[in-house]
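Biologist: Let us go through this model together. I will ask, you answer briefly.

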Amino acid sequence: MPRPHHKRSRRPVVLGATALVAALAGGLLITLPGGASAAASGLADDFNGDGYRDLAVGAPGAVAGGKAKAGAVVVTYGSSSGISAARHKTTSQSSSGVPGDSETSDRFGTELAHGDLNRDGYGDLVVGTPLEDVGGDADGGSVTILWGGPSGLSGGTTISDPNPSGHDRFGQSLVVGDFTGDGKADLAVGSTGKDVWIFKGGFTKSGGAAGKLRFDAKIESGAYPKGAVELAAGDFDNDGADDVVVGSSAGNFVYRGGSTGPTLQTEAGAGYAGALTAADFDRDGHDDLVVGTDFLDIFDRTAKGGYVTVFYGGAAGVDTSRSAVLSQDTAGVPGADESEDSFGGALAAGDVNGDGYPDLAVGADFESIGSASHAGSVWVLRGGASGLTGAGAQSFDQGTSGVPGANESSDLFGDVVHLADHNKDGRADLSVGAAGENSDDGAVWVLRGSAKGVTTTGAVNFGASSVGIGKSGDDPMFGRAMSGS
């Protein structure tokens, strides 16, 4: 079973501008971006439409509106020079136009997803707050869309829970995809129940979703971590409609998208998945599914410290007969397979070297390095014509030359990973979260993509205080979630 406190957002896998003004609002420093270009880019994670992909990071333990652990989300804007803490905007439920109120232990920003939900050319950010009390429903959970625009995220709309009496923690998993095949972005939301809800595009700021569909997954409901713990999207059968993957303590189930709603296709990997992601790693026209198994049950002898399994897509969807397992025991993968490393606990896909094949970032936040227990590490595995491989794999930690910081116990470097091209050079940059850095203040690293893979040259690192989030006696855990991870 997973560590109860340690669920990640992948899902779950986000506007270059000049910083103008810093103001204290709702207990958080908010830096407003400057003007963006007149025509929005249409990129799903370009929140101000300037053509650069942005990075959305959760700080679910942040103080907001004077309330402990109310939570906040920070967007750092892409630019020709990449990501910088100087270009950011911080949003909480105390921000103007955002529904709800900052309340103690809500943990706004626990889950994140993005997409252009209202089709205006600006990326929008979906925020899950699964511990929010709704009316008299303790931990009922809430989901909020923050709308993109020329000045970045502004205002929001609540997506109401259609079944509040049937589950808790609505919004504990999120993913955006075109699950109905109509060309519009839909939103899938999970909870502690079996019921997974598809909210249909196009969305409006005033009315929310255009409709909704329910399907009951083959999973166990009950107290967390049951229900839909992980969600992922990919078009595995290449039929034009995204398929949705539901990860749970009972297994990982693939549902084929369609106009009338998802239908069960297969189970891919038994047992709890620490992370899910999808991409076409071999470029055969079918997305492939990666399942991260970071915690092993007593009968699993695949690898001591965790592993990832890639299930390749095909005409019928995910093909469980065609798969590959990669771990620290795989030839070419740096490091050693050790018990409880949590290899595979975080996943992200993107093309780091510009060769046209997506690569895979893998986090192992419990990796111990020297005397530093749970310091954490990250690997990048290469995609190619034959799929994912250990050949040419790279690994990074805070002891790697060029990576700022130092390996310390309980940093949890690699708690979450993210791949996206933030400077428009055609290569994905690697972002790494370490929610445990500096006694759970949290921090983020961004390493550039290059023709030779990820490089530490020009590496960027910033912590919670750099984006205006103070500790104030609590643990912000900045970097605990990233949209698109």
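Biologist: How many aromatic pairs does the count come to?
Modeller: The model is predicted: local features need pLDDT of at least 70, side-chain atom pairs count only at pLDDT 80 or more, and totals for chains, interfaces and linings use all residues. Residues are numbered from 1 along each chain as its sequence is written, and side-chain values use heavy atoms, without hydrogens and water. Rings of Phe, Tyr and Trp (its six-membered ring) pair if their centres lie within 6.5 Å; planes under 30 degrees apart are stacked, over 60 edge-to-face, the rest tilted. By this rule the count is 6.

Biologist: Which class does the pair of Phe215 and Tyr255 fall in?
Modeller: Phe215 is in strand S13 (residues 211-216) and Tyr255 in strand S16 (residues 251-256), 40 residues apart; strands are DSSP E runs of at least two residues, numbered from the N terminus. Both residues are buried, that is, under 20% relative accessible area (exposed is over 50%, partly exposed in between; 1.4 Å probe, protein chains only). The centres are 4.8 Å apart with 45° between the planes, and the pair is tilted.

Biologist: Why is the pair of Phe413 and Trp445 given its class, and what is that class?
Modeller: Phe413 sits in the loop between strand S25 (389-396) and S26, and Trp445 in strand S28, 32 residues apart. Both are buried. Their ring centres are 5.0 Å apart and their planes lie at 80°, so the pair is edge-to-face.

Biologist: Which residues touch the most other members of the largest nonpolar core?
Modeller: A nonpolar core is a set of buried Ala, Val, Leu, Ile, Met, Phe, Trp, Tyr and Cys residues joined through side-chain atoms within 4.5 Å. This one has 19 residues. Strands giving two or more residues to this core include S26 (416-420) and S28 (443-450). Touching the most other members are Val417, Leu419, Leu430, Trp445 and Val454.

Biologist: Which peptide bond has omega of about 20°?
Modeller: Gly201 and Gly202 are joined by a cis bond with omega of about -5°. Another cis bond involves Pro225, in the loop between S13 and strand S14 (230-234). With omega of about 20°, that bond joins Tyr224 and Pro225.

Biologist: Is His374 buried or partly exposed?
Modeller: His374 lies in the loop between strand S23 (359-364) and S24. Its phi is positive, about 55°, although it is not a glycine. At 27% relative accessibility, His374 counts as partly exposed.

Terms used:
Helices (H or I, at least four residues) and strands (E, at least two) are DSSP runs, numbered from the N terminus.
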